[in-house]
Amino acid sequence: FPSPTLFRSGRRHSLPTPFFVLATQNPIDQEGTYPLPEAQLDRFMFNVLVDYPSQADELEVVLRTTSDEQAVLQTQLSGENLLELAHVVRRIVITPAMALVATQIARLTRPADAQSSERVRRCVRWGAGPRASQYMVLGAKARAALHGSPVVRREDIAAVAPPVLRHRMKLNFQAEAEGTTVEQIIQEIIRNVDSTLDR
């Protein structure tokens, strides 16, 4: 893992490893915020939807944040440990057949692809690029490792496909008029990928 760098005022500054970026989007109030360009969005591995907490979780949040108790933070994982785990994830096996499933899911998001569905051609302005295939494979490897599997399974790819794809697809006005969502199209693609591979 090469050390990331930041270029500022013509000088190169090395950043610590591991280094990653988290960003949040608020779906309610956009004033004062601006959407990221698609080229920047594509560099985020996942787009994770965070819904309202359960009542039990919300109660815990309220109790913790309204008391005078000072939280004591304890290190759970060092940066070195995290880098070691990243190497372990990359050593999880993925067969060419499973890698083909990941690449085909990404390709089926593209309206110009010969095998894309009529709905994708009608509703998608542009689909996911090759980085989506890479992140689906890496995400599936990580999920397999978390589930104690030495190999990537189809369910691993299906589980990580939505967070990998939802910010890499741009729908058009037709989709909005029909009430079609990115989530619906992604689920349709996951269901249809087997038949497409058999063609």
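This section describes the overall organisation of the protein chain, followed by helix H6, the loop after it and a nonpolar surface patch.

The structure is a predicted model. Its protein chain comprises nine helices and four strands, and from the N terminus on these elements follow the order β-β-α-α-α-α-α-β-α-α-β-α-α. Along the principal axes, the C-alpha trace extends over about 60 × 50 × 40 Å. The chain has 199 residues, of which 27% count as buried. An area of about 14100 Å² is exposed by the protein chain, with carbon and sulfur atoms supplying 56% of it. When contacts between residues at least 6 apart in sequence are considered, 65% join residues at least 24 apart.

Helix H6 covers residues 130–146. For its 17 residues, a rise of 1.5 Å a residue leads to an expected span of 24 Å; the C-alpha atoms at the two ends of H6 lie 25 Å apart, in agreement with that expectation. The buried residues of H6 are Ala 132, Ser 133, Tyr 135, Met 136, Val 137, Gly 139, Ala 140, Lys 141 and Ala 144. These buried positions pack against three other helices, namely H3, H4 (96–107) and H7. Gly 148, which follows H6, adopts a positive phi near 75 degrees.

The loop between H6 and helix H7 (154–165) also contains Pro 150. Pro 150 has a relative accessibility of 57% and therefore counts as exposed, the cut-off being over 50%. Despite this exposure, Pro 150 is in contact with Ile 92 and Val 93, when neighbours within four places in sequence are left aside. A separation of 14 residues in sequence lies between Pro 150 and Val 164, and their C-alpha atoms are 22 Å apart in space.

Helix H3, one of the elements against which the buried residues of H6 pack, spans residues 79–90 and includes Val 88. With a relative accessibility of 37%, Val 88 counts as partly exposed, because this value falls between the 20% and 50% cut-offs. Val 88 also contributes to a nonpolar surface patch of about 600 Å², which is made together with Phe 20, Leu 22, Leu 77, Leu 82 and Leu 85. Helix H3 thus takes part in the packing of the buried residues of H6 and, through Val 88, in the nonpolar surface patch.

Conventions
Residues are numbered from 1 along each chain as its sequence is written. This is a predicted model: local features need pLDDT of at least 70, side-chain atom pairs count only at pLDDT 80 or more; totals for chains, interfaces and linings use all residues. Side-chain values use heavy atoms; hydrogens and water are left out. Buried means under 20% relative accessible area, exposed over 50%, partly exposed in between (1.4 Å probe, protein chains only). Contact means heavy atoms within 4.5 Å. Patches are made of residues with over 30% relative accessible area and no salt bridge: like charges are joined within 9 Å, nonpolar side chains (Val, Leu, Ile, Met, Phe, Trp, Tyr) within 5 Å. Accessible areas come from the Shrake-Rupley method with a 1.4 Å probe; for residues, only the protein chains shown count as cover. A salt bridge is a side-chain nitrogen of Lys or Arg within 4 Å of a carboxyl oxygen of Asp or Glu. The expected span of a helix is 1.5 Å times one less than its number of residues.
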